[in-house]
Amino acid sequence: MDKESRYIAYAKERFARLKGKGIILTGATGGIGRAAARLLAALGCHLLFLVRNIKAGEALTKELEEEFGVEAKAFPYDALDNRAVESVLSFLAEEPPYDYFLSIAGIYHQPTKEIDGIEQTFRVNCLAPLKLLKGLAAAYPHMEAVQTLSLVCRYKPRYRGKDLSDVDSFQKYLASVSSRNARYALSKRFLMQALIVERRKGLKVALAHPGVAYTNLFDPKNKAYPRAFYRVAPPLIKAIFMPAEKASLSILEAAGKGSEEGKIVGPRGLFHAWGFPKECPYPPSIHEDEERIAALLEELSTQ
């Protein structure tokens, strides 16, 4: 039995609740999202991919239709476009109802770039999924959702002593974060804090993190790291990190079973970075300033 077949068998045994369901995904054209899409196709789900690269999305739909005999569609969605959520909701109004939304897409290690006053890493990883989750929940109260987060949500922000009393000061703080790694970590941390607050208000979203996986981020074509990194690191990383198929299991586990208050679904291994899924406690520091961050993100996302 090959690697993917092993994980398909695991999914069919463990995620019976997802069989034949209608599922919307972001991030399906690469890495962990693509692995999740293939496992869901093996479960007979009918799928809708919200993708920035529509050609890649349509190629994936054709692949899954031919290989698994499922219905799949792709619809253009750009997290950097403020009008993207409204476009998705308008499209879905003419579609049969979907049962789940899996928010997987994100960007990592990108250069600084402001879009409408918000640095792109925060817009794509934090504001866009928050707006889309809330928009879908308002339009389709029956729909269940999963937001993919990251181990880096444990990152401690360095904003002590800074004025974050209003949206303007918050935007200035976001613009001042120069480290690419810090921007990624903060975007995931702030999104998690906002969703913890929204869950208490009744938003039906489970939280998941896939652990550490070997994805196309480590392909030299990605150019996220210096050239020397790709000469040395990828073979070692590929030998140590989980395959994308195994990492995607935590997302499907969260969809199939949800996640309890105070818990996030992730791998059960060392540092919750490697292994099959289980529920893990939130990092203790995640509650620091969560109400304030959630309120600032709410105001930013409606601008």
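A residue counts as buried when its relative accessible area is under 20%. By that cut-off, strand β4 is buried on both of its faces: Tyr100 and Leu102 point one way, Phe101 and Ser103 point the other way, and all are buried. The model described here is predicted.

The chain has 11 helices and 12 strands. Of its 303 residues, 52% count as buried. The exposed area is about 13900 Å². Carbon and sulfur atoms supply 52% of that area. Contacts reach far along the sequence. Among those between residues at least 6 apart, 72% join residues at least 24 apart.

Strand β4 spans residues 100-103. It has partners in two other strands. Strand β1 (residues 22-26) pairs with β4 in the parallel sense, over 4 bridges. Strand β7 (residues 144-148) also runs parallel to β4 and is joined to it by 4 bridges. Individual residues can be matched across these pairings. Thr26 has Ser103 of β4 as its bridge partner. Phe101 stands opposite Ala145 in β7.

Ser103 lies in β4. Its relative accessibility is 3%, so Ser103 counts as buried. Beyond its neighbours within four places in sequence, Ser103 is in contact with Thr26, Pro129, Val146, Gln147 and Thr148. Thr26 is thus listed both as a contact of Ser103 and as its bridge partner.

A further pairing involves β11 and β12. Strand β11 covers residues 263-267, and 4 of its 5 residues are buried, so this strand is largely enclosed by the rest of the structure. Strand β12 (residues 277-281) pairs with β11 in the antiparallel sense, over 5 bridges. Within this pairing, Pro267 stands opposite Pro277 of β12.

The largest nonpolar core contains 56 residues. Phe170, Phe190 and Leu297 have the most contacts inside it. Helices and strands both contribute. At least two residues of this core come from each of β2 (46-51), α4 (84-92), α5 (120-139), α6 (167-176), α7 (180-200), β8 (205-208) and α11 (290-301). A second, separate core has 42 residues, among them Leu39, Val51, Ile104 and Leu249.

Phe190 illustrates the packing of the largest core. Its relative accessible area is 1%, so Phe190 is buried. Leaving aside neighbours within four places in sequence, its contacts are Phe122, Cys126, Tyr159, Phe170, Tyr173, Leu174, Ile293 and Leu297. Two of these names, Phe170 and Leu297, recur among the residues with the most contacts inside the core. Phe170 is likewise buried, with a relative accessible area of 0%. Met192 is found in helix α7. Met192 is buried as well, at a relative accessible area of 0%. Its C-alpha lies 9.2 Å from that of Ala294, although the two residues are 102 apart in sequence.

Aromatic pairs number 6. In one of them, the rings of Phe170 and Phe190 have centres 5.7 Å apart and planes at 55 degrees, so the pair is tilted. Phe170 belongs to helix α6 and Phe190 to helix α7, so the pair ties together parts that are 20 residues apart in sequence. Elsewhere, ring pairs link Tyr7, Tyr10, Phe15 and Phe276 into a cluster. Tyr7 also has a charged neighbour. The charged end of Arg6 sits over the ring of Tyr7, 5.5 Å from the ring centre.

Backbone geometry was also examined. Most residues other than glycine have a negative phi. Asp116 has a positive phi, near 50 degrees. Asp116 lies in the loop between β5 (114-115) and β6 (118-119). With a relative accessible area of 58%, Asp116 is exposed. Asp289 also has a positive phi, of about 65 degrees, although it is not a glycine. Asp289 is placed in the loop between β12 and α11. Its relative accessibility is 24%, so Asp289 counts as partly exposed.

Key. Residues numbered from 1 in each chain as written. Predicted model: local features only at pLDDT ≥ 70, side-chain atom pairs only at ≥ 80, totals over all residues. Heavy atoms only, no water. Core = buried A, V, L, I, M, F, W, Y, C linked by side-chain atoms within 4.5 Å. Buried < 20%, exposed > 50% of the residue type's maximum accessible area, 1.4 Å probe, protein only. Contact = heavy atoms within 4.5 Å. Pairing = 2+ DSSP bridges. Phe/Tyr/Trp six-rings, centres within 6.5 Å; stacked < 30°, edge-to-face > 60°. Lys NZ or Arg CZ within 6 Å of the ring centre and 35° of its normal. Areas by Shrake-Rupley, 256 points an atom, 1.4 Å probe, with all protein chains shown as cover.
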